[in-house]
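Open the model in your viewer and keep the selection tool at hand. This tour goes stop by stop.

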Amino acid sequence: MKFALMNYHYLRYPIEKFLDKAADSPFDSIDLYCAAPQLNMFDYTLWSLIRLDKEISARKLNVMAITPENCTYPVNFCTQDRTTRVNSIRYYQRAVDSAEFLGCRNVQISTGFGYFDRPVSEAWNYCRESLGELAVYCERKNVSLLLEELKETTTNVLLTSMDVARMLKEIDSPNIAGLVDLDQMTYAGETLDDYFAHLGNRLCHVHFNDRGHTVPGDGDFPMKEHFEALERNNYKGNVSFEICDRRYYRDPDAAIDKLVLWMKDHTNVFAGWENG
């Protein structure tokens, strides 16, 4: 497994604070959450992207994935509204371009939604069509999409690992893979074994966070058992820590310290590492 820190809970600070903390940690990779004011995927200058690339390289970090904001902004590639759908595809096209520039192979993408009073099949078809277009673009750019399901309060399209597996099969592109978020997974009543059963080696990324997108150990999920499930299934893919809860916004460094301590206490991933 390959691990990466994520900067979601650093959005009240300049991106350099997160990069400094990552460089001073056992991690050498980051999952770059892209939102204002750090990197607004809707509208950033080329200068700012070049500068960000230099800041990352100067700290000898790698970008495992970029995660453009999916759930707050008007991004929805499954909607019956054509203007929103077309603009959303353009948004992700820009994300793919940004990933390529940063030397990153993976872009996270969460399902959109259709109108809840319309047949789900309509939104499903738009989802497949939009992802198909983006997959063709990704093949040219040597970038992959990491497809995540969401909760039923957010979407009516992809809700379970079976839904993700079906969508991947219908699109049939080597440049789209599956992602599991432990919070979404638990809400749907599923387990990691379900994801491995339905997706197999097409499961390529894990958001390893406790309930409510908190640091492992701050919620009530059986995080040690979840980690053991990854090992039991011989998982060799990527893992990032999507820490979103606002309790960490004032002191995001402390959340990273707590995360590293949990990993050292419950896994052998950082055996022998000393902060130097």
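Start with I50, which is partly exposed because its relative accessible area is 33%. This is a predicted model. I50 sits in helix 2, residues 46-58. Now add L46 and F101 to the selection. Together with I50 they form a nonpolar patch on the surface, with about 270 Å² of accessible area.

**Past the end of helix 2**

Select K60. This residue lies in the loop between helix 2 and strand 3. K60 counts as exposed, at 70% relative accessibility. Check its backbone: phi is near 60°, a positive value in a residue other than glycine. Most residues other than glycine have a negative phi.

Next, select R59. Which residue does the R59 side chain meet in a salt bridge? The partner is D20, at 2.7 Å from N to O. The pair links distant parts of the chain: D20 belongs to helix 1 (residues 15-23), R59 to the loop between helix 2 and strand 3, and 39 residues separate them. R59 is buried, with a relative accessible area of 19%; the cut-off for buried is under 20%. D20 is partly exposed at 42%. Add E55 to see a network of salt bridges that links D20, E55 and R59.

**A cis bond before helix 2**

Move to P37, in the loop between strand 2 (29-34) and helix 2. Show the bond from A36 to P37. That peptide bond is cis, with omega near 10°. Most peptide bonds are trans.

**The largest pocket**

Select C71, L150, Q184, H213 and E242. Of the 19 residues that line the largest pocket, these are the closest to its centre. The volume of this pocket is about 350 Å³. Now colour strand 3 (62-68), strand 4 (106-110) and helix 6 (182-187); each gives two or more residues to the lining. How does the lining divide by residue type? It has 6 nonpolar, 7 polar and 6 charged residues.

**The second largest pocket**

This one has a volume of about 170 Å³. Select its lining residues, among them R105, N106, S144, P174 and N238. Strand 5 (144-148) and strand 6 (176-181) are the elements that give two or more residues to this lining. Here the split is 5 nonpolar, 4 polar and 2 charged.

**Helix 8 and the loop after it**

Select K224 and E228. Both lie in helix 8, 4 residues apart, about one turn of the helix. Their side chains meet in a salt bridge, 2.6 Å from N to O. Side chains of opposite charge can pair when their charged atoms come close. K224 counts as partly exposed at 36% relative accessibility, and E228 counts as partly exposed at 34%.

Go on to N234, in the loop between helix 8 (223-232) and strand 8 (238-240). N234 has a positive phi of about 55°, although it is not a glycine. Is N234 buried or exposed? At 52% relative accessibility, N234 counts as exposed.

**Last stops**

Select R247 and D245. They form a salt bridge, with the closest N and O atoms 3.0 Å apart. D245 is partly exposed, at 23% relative accessible area. Across the model, the count comes to 17 salt bridges.

Finish at M6, in strand 1 (residues 2-6). M6 counts as buried, at 1% relative accessibility. Draw a distance from M6 to A197: the two are 27 Å apart in space, C-alpha to C-alpha, and 191 residues apart in sequence.

How values were computed:
Residues are numbered from 1 along each chain as its sequence is written. This is a predicted model: local features need pLDDT of at least 70, side-chain atom pairs count only at pLDDT 80 or more; totals for chains, interfaces and linings use all residues. Side-chain values use heavy atoms; hydrogens and water are left out. On a 1 Å grid over the protein atoms alone, a cavity is a set of points where a 1.4 Å probe fits but cannot get out, and a pocket is an open set with protein on both sides within 12 Å along at least five of seven lines; lining residues have an atom within 4 Å of a point. Grid points are joined across faces, edges and corners, and a volume is the space filled by probe spheres set on the points. Ala, Val, Leu, Ile, Met, Phe, Trp, Tyr, Cys and Pro count as nonpolar, Asp, Glu, Lys and Arg as charged, and the others, Gly among them, as polar. Patches are made of residues with over 30% relative accessible area and no salt bridge: like charges are joined within 9 Å, nonpolar side chains (Val, Leu, Ile, Met, Phe, Trp, Tyr) within 5 Å. Accessible areas come from the Shrake-Rupley method with a 1.4 Å probe; for residues, only the protein chains shown count as cover. A salt bridge is a side-chain nitrogen of Lys or Arg within 4 Å of a carboxyl oxygen of Asp or Glu. Buried means under 20% relative accessible area, exposed over 50%, partly exposed in between (1.4 Å probe, protein chains only).
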